[in-house]
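Biologist: Please take a close look at the aromatic residues in this model and at what surrounds them. I should like one connected account.

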Amino acid sequence: MNKSILAATSLAVAAAAGTGSIASPKRVPAWYSRLRKPRYQPPGVAFPVVWTTLYGDIATASAVAIDRFRASGQHDRARAYAAALGVNLTLNAGWSWLFFRYHKLGASAVGAAVLAASSADLARRAAQADPRAGLALAPYPLWCTFATVLATHIWRLNR
C-alpha cells in the first residue's frame, strides 16, 4: 500500500474526528443526562472504543481502495472514491454538531441516516477496488445504521 495515500486518508479521518470532537463535550452535559434514552443505549465508554476502531478501518480501507484503483489505472474511480470519502467524513463530523452542539434531535436522526447511506456507499466502492477493503469497512455502515435507529428513538422519546 502506498504510504502517502495512507497518510492522506489518516489525516482526513483525523480532521473529521477532531472537528466532531470539538462539538462533543468532554463530560456528559446536563441536557444529555435529562434526555430519555432507550434501554439498548450502549454505555458511554463504548462510543470512543467503537469510533476509534472505525476511524482506523476507514483510513486503512480507504487507502487500500484508492491505491488499488490507481494501480489498475482507474484514476477516475480513485478520485470518485476520494470525493465520496470527503463527503462521508463531512457528514460524520457534522453529526456531532447537530446532536451535541445544536441539540437538533430530529436533524441528527436524519443526519445519521444520510451518514449510514454514505457509509454503505463507501463500503460498496471499497469492495469494487478490493473485496477485503469492502469487508473491512462493513462494520461502519452497520454502526451508522444502529446510530440512526438510536438517534431516531431518542428523538421520538424526547419530542
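Modeller: Lys-37 sits over the face of Tyr-32, 4.4 Å from the centre of the ring. The model is a predicted one, and this placement is computed from it. A second charged residue is placed over a ring at Trp-155, whose face has Arg-159 above it at 4.9 Å from the ring centre.

Tyr-32 also belongs to an aromatic cluster, which it forms with Trp-31, Trp-95, Phe-99 and Phe-100. In total, the count of aromatic pairs is 13. For the pair of Trp-31 and Phe-99, the ring centres are 5.5 Å apart and the planes stand at 55°, so this pair is classed as tilted; the edge-to-face class would require an angle over 60 degrees. The two partners come from distant parts of the chain, since Trp-31 lies in helix H2 (residues 30-34) and Phe-99 in helix H4 (residues 75-101), with their positions 68 residues apart. Both Trp-31 and Phe-99 are buried.

Another pair joins Trp-51 and Tyr-55, with centres 5.3 Å apart and planes at 35°, so that it too is tilted; an angle under 30 degrees would have counted as stacked. These partners are 4 residues apart in helix H3 (residues 46-71), and therefore about one helical turn separates Trp-51 from Tyr-55. Tyr-55 has a relative accessibility of 16% and therefore counts as buried, because the limit for that class is under 20%.

Helix H4 also holds Ser-96. With 12% relative accessibility, Ser-96 is buried. Leaving aside residues up to four places away in sequence, Ser-96 is in contact with Gly-20, Ala-23, Ser-24 and Arg-101.

Several of these residues recur at the largest pocket, which holds about 950 Å³ of space. Its lining comprises 33 residues, and those closest to the pocket centre are Ser-24, Phe-47, Trp-51, Trp-95 and Phe-100. Trp-95 and Phe-100 are thus members of the aromatic cluster, while Trp-51 is the partner of Tyr-55 in the tilted pair. Ser-24 is one of the contacts of Ser-96.

Two or more lining residues are given by each of helix H1 (3-23), H3, H4, helix H5 (105-129) and helix H7 (139-157). H7 supplies the largest share of the lining, with 7 residues. Sorted by class, the residues that line the largest pocket are 23 nonpolar, 8 polar and 2 charged.

Technical notes:
Residues numbered from 1 in each chain as written. Predicted model: local features only at pLDDT ≥ 70, side-chain atom pairs only at ≥ 80, totals over all residues. Heavy atoms only, no water. Phe/Tyr/Trp six-rings, centres within 6.5 Å; stacked < 30°, edge-to-face > 60°. Buried < 20%, exposed > 50% of the residue type's maximum accessible area, 1.4 Å probe, protein only. Lys NZ or Arg CZ within 6 Å of the ring centre and 35° of its normal. Contact = heavy atoms within 4.5 Å. 1 Å grid on protein atoms, 1.4 Å probe; cavity = no way out; pocket = protein on both sides within 12 Å on 5 of 7 lines; lining within 4 Å. Points joined across faces, edges and corners; volume = space filled by probe spheres on them. Nonpolar A, V, L, I, M, F, W, Y, C, P; charged D, E, K, R; others polar.
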